[in-house]
Amino acid sequence: MKQIIVGNWKMNGLSADADALVEGLATDLATLATRADVVVCPPFTQLARLAPKLKAAGIALGAQDCHKDASGAHTGDISAPMLVDLGVEYVILGHSERRAEHHELDETVREKAVAAMAAGLTPIVCVGENDDQRSSGDLQATVGWQLEGSLPQGFKGIVAYEPIWAIGTGQAASQQDIADMSAFIRAELVRQFGEAGKTIRILYGGSVNARNVTDILPVEHVDGALVGNASLKAESFVPLVRAARAS
(Lines give C-alpha, C1' and ligand atoms only; values in the text may rest on other atoms or scores of the structure.)
Protein backbone atom coordinates (compact mmCIF):
# COMPACT_ATOMS: atom_id res chain seq x y z
CA MET A 1 0.00 0.00 0.00
CA LYS A 2 1.31 3.44 -0.88
CA GLN A 3 1.94 5.83 1.95
CA ILE A 4 -0.10 9.02 2.00
CA ILE A 5 1.15 12.55 2.65
CA VAL A 6 -1.53 15.01 3.73
CA GLY A 7 -0.88 18.75 3.86
CA ASN A 8 -3.02 20.71 6.33
CA TRP A 9 -2.77 24.40 5.48
CA LYS A 10 -4.88 25.35 8.52
CA MET A 11 -5.92 29.04 8.40
CA ASN A 12 -3.36 30.04 5.81
CA GLY A 13 -3.57 30.91 2.13
CA LEU A 14 -4.97 33.89 0.26
CA SER A 15 -5.73 33.36 -3.42
CA ALA A 16 -2.39 34.47 -4.83
CA ASP A 17 -0.44 32.44 -2.27
CA ALA A 18 -2.61 29.36 -2.83
CA ASP A 19 -2.23 29.56 -6.60
CA ALA A 20 1.54 29.90 -6.36
CA LEU A 21 1.82 26.97 -3.96
CA VAL A 22 -0.32 24.65 -6.07
CA GLU A 23 1.59 25.60 -9.21
CA GLY A 24 4.85 24.79 -7.43
CA LEU A 25 3.52 21.48 -6.19
CA ALA A 26 2.22 20.55 -9.63
CA THR A 27 5.64 21.18 -11.16
CA ASP A 28 7.71 19.51 -8.47
CA LEU A 29 5.46 16.48 -7.99
CA ALA A 30 5.13 15.72 -11.69
CA THR A 31 7.90 13.11 -11.53
CA LEU A 32 6.65 11.68 -8.21
CA ALA A 33 3.07 10.95 -9.23
CA THR A 34 3.27 7.26 -8.35
CA ARG A 35 5.46 7.66 -5.27
CA ALA A 36 2.70 8.34 -2.75
CA ASP A 37 -0.90 9.46 -2.45
CA VAL A 38 -0.85 13.22 -1.92
CA VAL A 39 -3.67 15.23 -0.37
CA VAL A 40 -3.83 18.98 0.15
CA CYS A 41 -6.31 20.48 2.64
CA PRO A 42 -6.64 24.23 2.05
CA PRO A 43 -9.02 26.50 3.97
CA PHE A 44 -12.67 26.45 2.85
CA THR A 45 -12.23 29.70 0.91
CA GLN A 46 -9.82 28.06 -1.53
CA LEU A 47 -11.51 24.70 -2.15
CA ALA A 48 -13.56 25.62 -5.22
CA ARG A 49 -10.72 27.60 -6.81
CA LEU A 50 -8.07 24.95 -6.31
CA ALA A 51 -10.12 21.82 -7.07
CA PRO A 52 -9.50 21.77 -10.86
CA LYS A 53 -5.83 22.73 -10.50
CA LEU A 54 -5.14 19.99 -7.95
CA LYS A 55 -7.04 17.41 -9.99
CA ALA A 56 -4.96 18.25 -13.05
CA ALA A 57 -1.82 17.78 -10.96
CA GLY A 58 -2.92 14.39 -9.60
CA ILE A 59 -3.27 15.77 -6.07
CA ALA A 60 -6.39 14.93 -4.04
CA LEU A 61 -8.38 17.69 -2.39
CA GLY A 62 -9.18 17.59 1.30
CA ALA A 63 -11.03 19.87 3.73
CA GLN A 64 -10.30 20.70 7.35
CA ASP A 65 -13.70 20.02 8.92
CA CYS A 66 -17.38 19.35 8.21
CA HIS A 67 -20.68 19.48 10.09
CA LYS A 68 -22.51 16.36 11.23
CA ASP A 69 -25.69 17.40 9.41
CA ALA A 70 -26.15 17.45 5.65
CA SER A 71 -27.93 20.82 5.75
CA GLY A 72 -29.79 23.10 8.12
CA ALA A 73 -29.63 26.19 10.29
CA HIS A 74 -25.92 26.09 11.12
CA THR A 75 -24.53 29.52 10.28
CA GLY A 76 -20.87 29.45 9.28
CA ASP A 77 -20.66 25.65 8.96
CA ILE A 78 -20.15 23.48 5.89
CA SER A 79 -21.60 20.03 5.32
CA ALA A 80 -20.03 16.88 3.91
CA PRO A 81 -22.26 16.90 0.79
CA MET A 82 -21.21 20.51 0.15
CA LEU A 83 -17.58 19.42 0.23
CA VAL A 84 -18.24 16.57 -2.18
CA ASP A 85 -20.01 19.04 -4.46
CA LEU A 86 -16.71 20.98 -4.66
CA GLY A 87 -14.64 17.91 -5.53
CA VAL A 88 -13.32 17.20 -2.03
CA GLU A 89 -12.31 13.59 -1.30
CA TYR A 90 -10.89 13.73 2.24
CA VAL A 91 -11.75 15.66 5.41
CA ILE A 92 -9.73 16.16 8.59
CA LEU A 93 -11.83 15.66 11.72
CA GLY A 94 -11.10 16.06 15.42
CA HIS A 95 -7.83 17.93 15.03
CA SER A 96 -6.55 18.98 18.45
CA GLU A 97 -7.03 22.63 17.52
CA ARG A 98 -10.70 21.96 16.78
CA ARG A 99 -11.06 19.93 19.98
CA ALA A 100 -9.48 22.74 22.04
CA GLU A 101 -10.73 25.91 20.36
CA HIS A 102 -14.21 24.66 19.45
CA HIS A 103 -14.66 22.30 22.41
CA GLU A 104 -15.27 19.27 20.19
CA LEU A 105 -15.88 16.03 22.06
CA ASP A 106 -15.16 12.52 20.84
CA GLU A 107 -18.91 12.13 20.23
CA THR A 108 -18.86 15.22 18.01
CA VAL A 109 -15.99 13.83 15.99
CA ARG A 110 -17.73 10.46 15.63
CA GLU A 111 -20.91 12.09 14.35
CA LYS A 112 -18.91 14.06 11.80
CA ALA A 113 -17.11 10.90 10.68
CA VAL A 114 -20.46 9.20 10.11
CA ALA A 115 -21.61 12.17 8.02
CA ALA A 116 -18.38 12.24 6.04
CA MET A 117 -18.55 8.55 5.16
CA ALA A 118 -22.22 8.79 4.24
CA ALA A 119 -21.34 11.53 1.75
CA GLY A 120 -18.49 9.50 0.25
CA LEU A 121 -15.60 11.33 1.91
CA THR A 122 -12.62 9.66 3.56
CA PRO A 123 -12.37 11.00 7.13
CA ILE A 124 -8.94 11.59 8.65
CA VAL A 125 -9.61 11.39 12.38
CA CYS A 126 -6.97 12.92 14.66
CA VAL A 127 -6.03 11.65 18.11
CA GLY A 128 -3.22 12.56 20.47
CA GLU A 129 -2.18 13.37 24.01
CA ASN A 130 -1.08 16.66 25.56
CA ASP A 131 2.10 17.21 27.55
CA ASP A 132 0.44 16.63 30.93
CA GLN A 133 -1.09 13.35 29.80
CA ARG A 134 2.26 12.28 28.40
CA SER A 135 4.15 13.21 31.57
CA SER A 136 1.69 11.37 33.80
CA GLY A 137 1.93 8.22 31.70
CA ASP A 138 -1.67 8.46 30.49
CA LEU A 139 -0.84 8.81 26.80
CA GLN A 140 -2.07 5.37 25.71
CA ALA A 141 -5.19 5.60 27.86
CA THR A 142 -5.92 9.03 26.37
CA VAL A 143 -5.47 7.90 22.77
CA GLY A 144 -7.37 4.68 23.44
CA TRP A 145 -10.39 6.56 24.73
CA GLN A 146 -10.25 8.93 21.76
CA LEU A 147 -10.21 6.02 19.32
CA GLU A 148 -13.08 4.33 21.13
CA GLY A 149 -15.17 7.49 21.19
CA SER A 150 -14.28 9.11 17.86
CA LEU A 151 -14.43 6.20 15.40
CA PRO A 152 -17.90 4.95 14.42
CA GLN A 153 -18.84 1.38 13.64
CA GLY A 154 -17.77 0.39 10.15
CA PHE A 155 -15.13 3.12 10.10
CA LYS A 156 -13.55 3.44 6.67
CA GLY A 157 -11.02 6.20 6.96
CA ILE A 158 -7.62 7.17 8.28
CA VAL A 159 -6.34 7.73 11.82
CA ALA A 160 -3.76 10.47 12.39
CA TYR A 161 -1.73 10.35 15.59
CA GLU A 162 -0.67 13.88 16.47
CA PRO A 163 0.85 14.34 19.93
CA ILE A 164 -0.44 17.77 20.89
CA TRP A 165 2.83 18.75 22.56
CA ALA A 166 4.66 18.31 19.24
CA ILE A 167 2.32 20.32 16.98
CA GLY A 168 3.98 23.52 15.81
CA THR A 169 6.85 23.19 18.27
CA GLY A 170 9.47 21.88 15.87
CA GLN A 171 9.91 18.90 18.21
CA ALA A 172 8.55 15.68 16.74
CA ALA A 173 8.05 12.58 18.84
CA SER A 174 11.00 10.21 18.92
CA GLN A 175 11.13 7.28 16.54
CA GLN A 176 10.56 4.90 19.47
CA ASP A 177 7.61 6.92 20.78
CA ILE A 178 6.04 6.87 17.32
CA ALA A 179 6.66 3.14 16.97
CA ASP A 180 5.12 2.39 20.36
CA MET A 181 2.03 4.51 19.78
CA SER A 182 1.51 3.32 16.21
CA ALA A 183 1.63 -0.29 17.38
CA PHE A 184 -0.84 0.53 20.15
CA ILE A 185 -3.20 2.25 17.71
CA ARG A 186 -2.99 -0.71 15.31
CA ALA A 187 -3.86 -3.10 18.14
CA GLU A 188 -6.80 -0.89 19.16
CA LEU A 189 -8.06 -0.71 15.59
CA VAL A 190 -7.96 -4.49 15.31
CA ARG A 191 -9.73 -4.79 18.64
CA GLN A 192 -12.49 -2.43 17.49
CA PHE A 193 -12.84 -3.48 13.86
CA GLY A 194 -11.31 -6.95 13.55
CA GLU A 195 -9.56 -7.75 10.28
CA ALA A 196 -10.59 -4.38 8.83
CA GLY A 197 -8.48 -2.69 11.51
CA LYS A 198 -5.35 -4.12 9.93
CA THR A 199 -5.81 -2.05 6.79
CA ILE A 200 -6.82 1.33 8.25
CA ARG A 201 -4.02 3.75 7.50
CA ILE A 202 -2.22 5.35 10.44
CA LEU A 203 -0.49 8.70 9.95
CA TYR A 204 1.95 10.54 12.17
CA GLY A 205 1.65 14.30 12.53
CA GLY A 206 3.39 16.86 14.69
CA SER A 207 6.31 18.97 13.41
CA VAL A 208 7.01 16.67 10.45
CA ASN A 209 9.64 18.20 8.19
CA ALA A 210 12.31 17.28 5.64
CA ARG A 211 14.87 16.68 8.40
CA ASN A 212 12.93 14.11 10.43
CA VAL A 213 10.62 12.53 7.84
CA THR A 214 13.18 9.88 6.88
CA ASP A 215 13.13 8.67 10.49
CA ILE A 216 9.33 8.76 10.77
CA LEU A 217 8.00 7.17 7.59
CA PRO A 218 9.92 3.85 7.86
CA VAL A 219 8.42 3.14 11.31
CA GLU A 220 6.23 0.03 11.34
CA HIS A 221 2.49 0.77 11.14
CA VAL A 222 3.13 4.35 9.96
CA ASP A 223 1.37 4.71 6.62
CA GLY A 224 2.14 8.36 5.98
CA ALA A 225 2.18 11.81 7.52
CA LEU A 226 -0.17 14.66 8.33
CA VAL A 227 1.87 17.79 7.74
CA GLY A 228 1.19 21.31 8.97
CA ASN A 229 3.70 24.12 8.54
CA ALA A 230 5.92 22.20 6.12
CA SER A 231 3.00 21.88 3.69
CA LEU A 232 2.87 25.64 3.10
CA LYS A 233 5.85 25.70 0.73
CA ALA A 234 6.56 23.40 -2.17
CA GLU A 235 10.25 23.20 -1.31
CA SER A 236 9.48 21.82 2.16
CA PHE A 237 6.50 19.63 1.22
CA VAL A 238 7.83 17.84 -1.85
CA PRO A 239 10.74 16.18 0.02
CA LEU A 240 8.18 14.52 2.29
CA VAL A 241 6.49 12.96 -0.72
CA ARG A 242 9.86 11.88 -2.06
CA ALA A 243 10.60 10.12 1.25
CA ALA A 244 7.34 8.17 1.23
CA ARG A 245 7.24 4.42 0.78
CA ALA A 246 5.69 3.52 -2.56
CA SER A 247 4.53 0.04 -1.59
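This passage looks at a helix pair and at several salt bridges in a predicted model.

A good place to start is the meeting of helix H7 (residues 139-150) with helix H8 (residues 175-193), whose axes come within 10 Å and cross at roughly 35°. The crossing of H7 and H8 is right-handed. On the H7 side, the contact is made by Leu-139, Gln-140, Val-143, Gly-144, Leu-147 and Glu-148, and on the H8 side residues including Met-181, Phe-184 and Ile-185 take part. In this contact, 6 residues are nonpolar, 3 are polar and 4 are charged.

Helix H8 also takes part in a salt bridge, through Asp-177, whose partner Arg-134 lies in helix H6 (residues 131-135); the pair therefore ties together parts that are 43 residues apart in sequence. The N to O distance between the Arg-134 and Asp-177 side chains is 3.8 Å. Arg-134 is partly exposed, at 31% relative accessibility, and Asp-177 is partly exposed too, at 32%.

Across the whole structure, 15 salt bridges are found. Turning to helix H4, Glu-97 forms a salt bridge with Lys-10 (2.9 Å, N to O). These partners are 87 residues apart, with Glu-97 in helix H4 (residues 96-101) and Lys-10 in the loop between strand S1 (4-8) and helix H1 (15-28). Arg-98 forms a salt bridge with Asp-65 (3.0 Å, N to O). Here Arg-98 belongs to H4, while Asp-65 sits in the loop between strand S3 (60-63) and helix H3 (80-85), 33 residues apart. Arg-98 is partly exposed at 22% relative accessibility, whereas Asp-65, at 7%, is buried. Asp-65 and Arg-98 also belong to a salt-bridge network with Glu-104 and Lys-112.

Note on methods
Residues are numbered from 1 along each chain as its sequence is written. This is a predicted model: local features need pLDDT of at least 70, side-chain atom pairs count only at pLDDT 80 or more; totals for chains, interfaces and linings use all residues. Side-chain values use heavy atoms; hydrogens and water are left out. Axes are lines fitted to C-alpha atoms, for helices over the stretch in contact, and angles run from 0 to 180 degrees between N-to-C directions. Helices (H or I, at least four residues) and strands (E, at least two) are DSSP runs, numbered from the N terminus. A crossing is left-handed if the near helix is turned anticlockwise from the far one by less than a right angle, and right-handed if clockwise. Contact means heavy atoms within 4.5 Å. Ala, Val, Leu, Ile, Met, Phe, Trp, Tyr, Cys and Pro count as nonpolar, Asp, Glu, Lys and Arg as charged, and the others, Gly among them, as polar. A salt bridge is a side-chain nitrogen of Lys or Arg within 4 Å of a carboxyl oxygen of Asp or Glu. Buried means under 20% relative accessible area, exposed over 50%, partly exposed in between (1.4 Å probe, protein chains only).
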